[in-house]
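Reader: I've got a model open and a few labels I'd like justified. Can you walk me through them?

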Amino acid sequence: MSFVFCGICSHGPGITGRAGRADVAVRDAFYAQLARMREAIESTKPDALIVVAAEHFANFFMDNMPAFAMGMADDYEGPIEDEDWLAIPRTKVPGNAALSKRVIEAVMHDVDLAYAEEWKFDHGIMVPLHFLTPRYDLPVIPVNINCQGPPLTPLSRVWAFGEALRRAADAMPERIALVCTGGISHWPCTPDSGKVNEAWDRDFLDRWTRNDRAALLDYDDAAVYRDAGQGGFEIRTLIAAAAAARGAKGSVWFYEPIPIFAVGCTVAVMDI
Amino acid sequence: MSLYALQKLMYHLNRDPKVRERLRDDPDTLLDDYALGTEERNAIAARDVGLLYVLGVNGQLLMHYTAFIGLEWPQYLQAMRDGIVTHGPVRAGIYAMTTVAPPIAGTKDEDAFVPPRASHA
């Protein structure tokens, strides 16, 4: 039993970078639940934190786009973005190459996985870390699922990946926490930035908290694009968390659209 | 269209400070390294965010780029809207106008905006 935590959260760059433009009461209520998540992670005394993200062309491009990739380095750096824009100073983030290698070897028995000995974090990982490990003293293992450059990773494979990640974590002597970060509906980086389909999000979170595999896999990209925007493709990361939770149910600690953060801000945890 | 090359240039700009220095100090030499069309090359040279969006540059690449050139958030969103007015709909890539645009988040019009209801029950 070395899989000690499983949760999801938002990662929009506005969460830190445009903090001053948000409604203070809503923003601080969101931050409070991120702090609660940090405390929950810390209470499990993890040896490493796996962050499954939907990165945004910081490391992977259409010249060689992996469906799944995992970092295998002793340290990483981030953010790649302008520090003032993201309001997170550039820093070195500790990793654990040896543990990464063992996790990758285990996952590879079930799901083909690219590995990367270099990885520059973008806001997709740095924003969660800013709240969850603000002292950068917990080794991080980054994972990417291709949610950006079609053809995208199929949801059925995302589920298989989440299950494989759980099996791998269970087999490690280290205590491993998992945070998956993405969507839900949003239209980031378009003129529609700030739009959120709250009803769609709440329906997704209902499926997620029930950990209803069939319902979570019952999305197709055309409908997601129509109803949840291209940012909705990032539900892949959240679905991986549900699979890793292996039938456990979840609870939503926070959900509220914050338009200046360009996303329905979410903090939710599986009761593993 | 050489959208692939244009996006690859922006990928390199976003993750490599040395490429940003080359764009600043010797743009012609840098841009020669990428198989860009004239319109794409001019859009980069002019920092024309609206045209880059219309040409189909993935918004995630474009957002990081606008941060480096110091565009404020509302101006960045406005630049994309102006690009569509000036140059027409997005021509390629996965980003396209899917809705009647709501007010820009963080502006005074935002509070009066009623978001569209979900079609997904």
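Author: Sure. Keep in mind that this is a predicted model. Going from the N terminus, chain B reads α-α-α-α-α-α-α, with seven helices and zero strands.

Reader: What makes α1(B) and α6(B) oblique to each other?

Author: Start with the angle: the axes of α1 (residues 3-15) and α6 (residues 59-68), both of chain B, cross at roughly 45° and come within 9 Å. Angles under 35 degrees would be roughly parallel, and 65 to 115 roughly perpendicular. The crossing fits neither range, and α1(B) and α6(B) are therefore oblique. As for handedness, α1(B) passes α6(B) in a left-handed crossing.

Reader: Which residues make that contact?

Author: From α1(B) you have Gln7(B), Met10(B), Tyr11(B), Leu13(B) and Asn14(B), and from α6(B) there are Leu61(B), His64(B) and Tyr65(B). Sorted by class, that gives five nonpolar, three polar and no charged residues.

Reader: Over to chain A. Why is Leu216(A) counted as buried?

Author: Leu216(A) has 20 C-beta neighbours inside 10 Å. The cut-off for buried is 20 or more, so Leu216(A) makes the list.

Reader: Where does Leu216(A) sit, and what does Leu216(A) touch?

Author: Leu216(A) belongs to helix α8 (residues 213-216) of chain A. Leaving out residues up to four places away in sequence, Leu216(A) touches Arg207(A), Trp208(A), Ile239(A) and Ala242(A). Also, Trp159(A) is 57 residues from Leu216(A) in sequence, with 9.2 Å between their C-alpha atoms.

Reader: And what share of chain B is buried?

Author: Buried residues are 36% of the 121 in chain B.

Key. Residues numbered from 1 in each chain as written. Chains lettered and ligands numbered in written order. Predicted model: local features only at pLDDT ≥ 70, side-chain atom pairs only at ≥ 80, totals over all residues. Axes fitted to C-alpha atoms, helices over the stretch in contact; angles between N-to-C directions. Helix = DSSP H or I, 4+ residues; strand = E, 2+ residues; numbered from the N terminus. Parallel < 35°, antiparallel > 145°, perpendicular 65-115°, else oblique. Left-handed = near helix turned anticlockwise from the far one by under 90°. Contact = placed C-beta atoms within 7 Å. Nonpolar A, V, L, I, M, F, W, Y, C, P; charged D, E, K, R; others polar. Buried ≥ 20, exposed ≤ 12 C-beta atoms within 10 Å, placed from the backbone.
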